[in-house]
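Open the model in your viewer and keep the sequence panel visible. The stops below say what to select next and what is there.

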Amino acid sequence: MHLSRRSLLAATTATTALAATPASASGHGGSRPRTGFERLVADGYGLLSGDKVGVVTNPTGVTRDVRHLVDVMHADDRVDLVAVFGPEHGFRGTAQAGGSEGRYDDPATGLPVYDTYLKSGQPLADIFTASGVDTVVFDIQDVGARFYTYIWTLFDCMEAAQLAGKRFVVLDRPNPVTGRGAYGPVLHKEFATFVGRQPIAQAHGMTVAELARLFNHEFLAKPVRLDTVLMSGWKRSDFYETSGLPWVPPSPNMPTTDTALVYSGTCLFEGTNLSEGRGTTRPFELLGAEGIDQRWAAAVNGLALPGVHFREAYFAPTFSKFQGKTVGGVQIHLADRAAFDPVRTGIALLVTAKQTWSGFAWRSDNWIDKLTGSTQVRTMIDAGAGTDEVVGAWQGELAAFRATRKRYLAYR
């Protein structure tokens, strides 16, 4: 690797490389932050020189002028792009939750698009082999929550690339809800699913490149040949708007950065019989069910949770739970993003919903245990525990994760 590339790219095949990575703070008071893709292009795609390249991406893989990186790379003779790999919702993002676009040829570029959704291990490795790529590149915007499936697409693709003997490159993007800290319960391995493969915190507080480094050294049976292209000018305290990047919804029910901010807490309502706001214009900010009235908003407001207010709200989802029915509940209004704790807020909402609405129930398959990572949250709330008691119960495992996480942080 020549000098100019070494100054740009941080290979992560050894822990010492992690410690040596500079934590850039440029871009505040002058130049704007730059994504991993922007830095890759600025280096003339040197890291990909001579390789047949495949890209794992979706509609969020865009430049500042909202051109898709696949279109940009396909048109550039300096990179040999031969395949695209689509995650949940698909490469072009047309599928709803729990769906994908399947195998097809992209009309815009003619490139073959392979479906990775719910594929892992050797079957996914076989797809990489069949595609003819030498290097798999990952560039997808995450939202910072353990149960958002793109980080497990990252994990599965890293594992499959190792099995197939391919190199893996991660192009970094901001964590839109900041990388200030990790919050919430840590997954217990017996509850591993595609909404949580490995024991990380519910709000992990990392970028995808940092997660890739952690996955490679902590969780993969054998490490993949991994390179990460870090951002410049991004700070851990930055919210997404600081980046100046356009917000492209990473999935159909993640329309705004406010959605991302509440998601790691209010997605827990997927594990209940309440609507989590799917089928409205404010998913995960509107929560409710038939029979809920003003008592819920009053109860959760009474907790004086930092950085947030709750409005009594009524809405009629156009799809998903309570489709076409008018339900009562709350709308979350953020007052101070920096003070807001989404996971504590999500627990407080669960506790008060159960206290004020006699119809409250968990989903019959106990999906809440998959989302929280164990039976602890469900059983404690059922036993009458309050918010502080529930949150206090996971502090030991969270402290252990925070210590592990710290070794892989690349930014100040």
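The tour visits salt bridges and then one alanine in a loop. Bear in mind that this is a predicted model.

**Salt bridges**

Searching the whole structure gives 25 salt bridges. A few of them are worth selecting in turn.

Begin with Arg337 and Asp258. The two form a salt bridge in which the closest N and O atoms are 2.9 Å apart. Arg337 sits in the loop between strand 13 (327-334) and helix 10 (342-356), while Asp258 belongs to helix 8 (residues 257-266), so this pair ties together parts that are 79 residues apart in sequence. Colour by accessibility and check both ends: Arg337 is partly exposed, at a relative accessible area of 25%, and Asp258 is also partly exposed, at 24%.

Next, move into helix 10 and select Arg344, then add Asp388 from helix 13 (residues 387-393). Here too there is a salt bridge, and its closest N and O atoms are 2.6 Å apart. Because Arg344 lies in helix 10 and Asp388 in helix 13, the pair ties together parts that are 44 residues apart in sequence. Arg344 has a relative accessibility of 26% and counts as partly exposed. Asp388, at 57%, counts as exposed.

Now select Asp369 and Arg378. Are these two residues buried or exposed? Both Asp369 and Arg378 are buried. They form a salt bridge with each other, the closest N and O atoms being 2.9 Å apart.

For the last stop in this part, select four residues together: Glu270, Glu276, Arg278 and Lys321. Salt bridges link these four in a network. As background, side chains of opposite charge can pair when their charged atoms come close.

**Ala145 and its surroundings**

Leave the charged residues and select Ala145, which is found in the loop between strand 6 (135-139) and helix 6 (150-164). Its relative accessible area is 0%, so Ala145 is buried.

What does Ala145 touch, leaving aside residues up to four places away in sequence? Its contacts are Ile151, Gln202, His204, Tyr263 and Ser264. Show these five as sticks around Ala145.

Finally, add Ala203 and draw a C-alpha to C-alpha distance to Ala145. The two alanines are 58 residues apart in sequence, and their C-alpha atoms are 4.7 Å apart in space.

How values were computed. Residues numbered from 1 in each chain as written. Predicted model: local features only at pLDDT ≥ 70, side-chain atom pairs only at ≥ 80, totals over all residues. Heavy atoms only, no water. Salt bridge = Lys/Arg side-chain N within 4 Å of Asp/Glu carboxyl O. Helix = DSSP H or I, 4+ residues; strand = E, 2+ residues; numbered from the N terminus. Buried < 20%, exposed > 50% of the residue type's maximum accessible area, 1.4 Å probe, protein only. Contact = heavy atoms within 4.5 Å.
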